[in-house]
Amino acid sequence: MDLIIRAGRNDHTVIDHFLTPTAAGVFAPSRQPIDAVVADASIAAQRPQLQRITADAGVPYLIDPVTPLLQSEQAENDSWATLPFAHPEPLVPTDINDYMLDELVERVVDFQRSTGATHLIPPYFYSNRRDDVWWRANLALLRRTGHHLSREGVNLPVIPVLAVSLREYGPEMTWDRGLDAFLAATGEMNTESVALSWSWNNPPRSKQAAIALLLGATAHAASRSSIIGWRAGTFGLALAAVGASGYETGIGERESLHYVSLAASRRPKADSSPPRAQAYTYFSEFGRSLPRRAGEAILKDPRIMGSLVCNPDNACCTEGADSMIHQWREHTVRERRRELTQLETMPAARGWRLNHIEQKADRAAVLVASANEALSEAGVDVRIPTESFAAMQDVASSMRARLNSQVA
Ligand SMILES: [Zn+2]
């Protein structure tokens with residue numbers, strides 16, 4: 001199962017550390033923790049060393065054109081909007097025609113090839129409504145990318161991204177003309193895997209309905225194609241348990257993406273100072289990262305720190321809580337890798353893996369209450385949303401019950 005890391009502006013050092021084999025002999029990790037690196041096109045332009053680091057290590061390097069940004073207005077001087085295939089003015093449906101789509105395909109593919117991508121991501125739009133103009137454009141983009149690559153004799157593996165609203169495209173009755181139609185269209189090129197980028201409001205607060213759609217639709221897609229959970233740090237492990245071959249996430253940040261919020265957050269503002277670099281703490285028990293000040297408060301609380309501190313048996317954080325706080329990038333990557341490895345070494349039957357997810361969510365539901373108490377007592381203004389843990393437990397349990405009844 002693959003862990004694909006989305007490199008932020010300041011992540012190249014830790015990625016270099018993981019991919020450059022300096023630790024040899026008995027201390028060498030048995031497996032490289034990162035299976036592929038993806039960078040937003042704007043980061044790829046600013047950090048050319050990512051291409052060198054991944055090439056030296058022989059690790060796939062993907063460049064995400066993040067073309068849903070074409071659907072909203074960007075600041076004139078924005079680092080993404082000044083890329084050769086981008087522009088600050090938003091596209092409107094009447095802009096879409098064959099000529100425009102072909103030009104977009106050509107520029108996006110050229111950009112990825114010139115910045116050293118080993119796999120290609122066709123341009124894609126975010127579809128918020130079934131069968132809207134962006135959806136139809138997405139199917140056309142796949143077809144046109146296939147034609148372009150074969151005309152140019154480009155044989156790089158392709159990873160198409162499906163970026164859609166979970167509520168619109170997750171329900172089973174929509175699969176035929178939605179999810180399945182997209183998967184079928186990806187068969188027209190050298191597709192290695194399909195990246196599913198399910199989008200909904202505030203994933204950490206997901207209730208049962210959203211999680212049931214997420215796992216149900218992903219399991220269905222994984223029965224037809226090789227699937228990567230995209231922008232999927234929050235629920236990546238559960239996606240792998242239902243059949244995804246891995247998932248993609250940022251380190252600390254970018255553990256999920258709601259495209260509607262992305263568009264809103266990028267509207268040009270009077271204050272255009274870049275956001276300050278933040279530090280995070282990843283908690284394996286919760287499968288997500290918190291701002292460092294919250295991580296510190298939780299790891300100082302004697303009632304709960306024992307349950308949440310990085311296990312010394314895992315050869316990860318030699319200084320315990322201190323390492324979790326200060327080597328937070330390394331800790332996050334190693335722990336996410338360890339969780340996937342633990343899952344893939346279990347018996348392949350889906351029931352085992354769902355049971356693992358269920359047990360984990362059950363534990364998290366108990367621990368999260370104490371963690372929030374610790375945060376409240378320490379006067380930290382962060383709370384961990386609690387809804388998704390009980391919901392995940394319920395959904396995993398009912399999926400497992402259904403599997404059992406099919407077997408019986
Ligand atoms: Zn650790």
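# Exercises on a predicted protein model

The protein has 16 helices and ten strands, where helices (H or I, at least four residues) and strands (E, at least two) are DSSP runs numbered from the N terminus. This is a predicted model, in which local features need pLDDT of at least 70 and side-chain atom pairs count only at pLDDT 80 or more, while totals for chains, interfaces and linings use all residues. Residues are numbered from 1 along each chain as its sequence is written, and side-chain values use heavy atoms, with hydrogens and water left out.

## Exercise 1: the overall form

Task: Work out how the radius of gyration of the protein relates to the globule rule.

Solution: The radius of gyration is taken over C-alpha atoms, and the globule rule is 2.2 Å times the number of residues to the power 0.38. For 408 residues the rule gives 22 Å, and the protein's radius of gyration is 21 Å, close to that value, so the protein is as compact as a globular protein of that length. Along the principal axes, the C-alpha trace spans about 65 × 50 × 50 Å. Buried residues make up 55% of the 408 residues, where buried means under 20% relative accessible area, exposed means over 50%, and partly exposed lies in between (1.4 Å probe, protein chains only).

## Exercise 2: two helix pairs

Task: Describe how α1 packs with α3, and then how α14 and α15 cross.

Solution: Axes are lines fitted to C-alpha atoms, for helices over the stretch in contact, and angles run from 0 to 180 degrees between N-to-C directions. Helix α1 (residues 12–19) and helix α3 (residues 49–57) pack at an angle of about 10°, and their axes are 10 Å apart. This makes α1 roughly parallel to α3, given that angles under 35 degrees count as roughly parallel, over 145 as roughly antiparallel, 65 to 115 as roughly perpendicular and the rest as oblique. In the contact (heavy atoms within 4.5 Å), α1 contributes His-12, Ile-15, Asp-16 and Leu-19, and α3 contributes Gln-49, Leu-50, Ile-53, Thr-54 and Ala-57. These residues divide into five nonpolar, three polar and one charged; Ala, Val, Leu, Ile, Met, Phe, Trp, Tyr, Cys and Pro count as nonpolar, Asp, Glu, Lys and Arg as charged, and the others, Gly among them, as polar.

For the second pair, the axes of α14 and α15 come within 10 Å and cross at roughly 135°, and the two helices are therefore oblique to each other. Here Glu-339, Gln-342, Leu-343 and Glu-344 of α14 meet Arg-353, His-356 and Lys-360 of α15, a set that divides into one nonpolar, two polar and four charged residues.

## Exercise 3: salt bridges between distant parts

Task: Locate the partners of the salt bridges Arg-6 with Glu-248, Arg-336 with Glu-255 and Glu-285 with Arg-363, and state whether each residue is buried or partly exposed.

Solution: A salt bridge is a side-chain nitrogen of Lys or Arg within 4 Å of a carboxyl oxygen of Asp or Glu, and a search of the whole structure finds 27 of them.

1. Arg-6 and Glu-248 meet at 2.9 Å, N to O. Arg-6 lies in strand β1 (residues 2–7) and Glu-248 in strand β8 (residues 246–250), so the pair ties together parts that are 242 residues apart in sequence. Both residues are buried, and both belong to a network of salt bridges that also links Asp-40, Asp-64 and Arg-231.
2. Arg-336 and Glu-255 have their closest N and O atoms 3.0 Å apart. Arg-336 is in helix α14 (residues 328–344), and Glu-255 is in the loop between β8 and α10 (259–265), 81 residues apart. Arg-336 is buried, with a relative accessible area of 2%, and Glu-255 counts as buried at 9%.
3. Glu-285 and Arg-363 meet at 3.4 Å, N to O. Glu-285 lies in the loop between β9 (280–283) and β10 (288–291) and Arg-363 in helix α15 (residues 350–377), so this pair ties together parts 78 residues apart in sequence. Glu-285 counts as partly exposed at 23% relative accessibility, as does Arg-363 at 43%.

## Exercise 4: the surroundings of Ile-159

Task: Find where Ile-159 sits in the chain and which residues are in contact with Ile-159.

Solution: Ile-159 is found in the loop between α5 (133–152) and β5 (161–165), and is buried, with a relative accessible area of 3%. Leaving aside neighbours within four places in sequence, Ile-159 is in contact with Leu-62, His-119, Leu-120, Ile-121, Pro-122, Ser-193, Ala-195 and Ile-228. Among these, Leu-120 is 39 residues from Ile-159 in sequence and 6.0 Å away in space, C-alpha to C-alpha.
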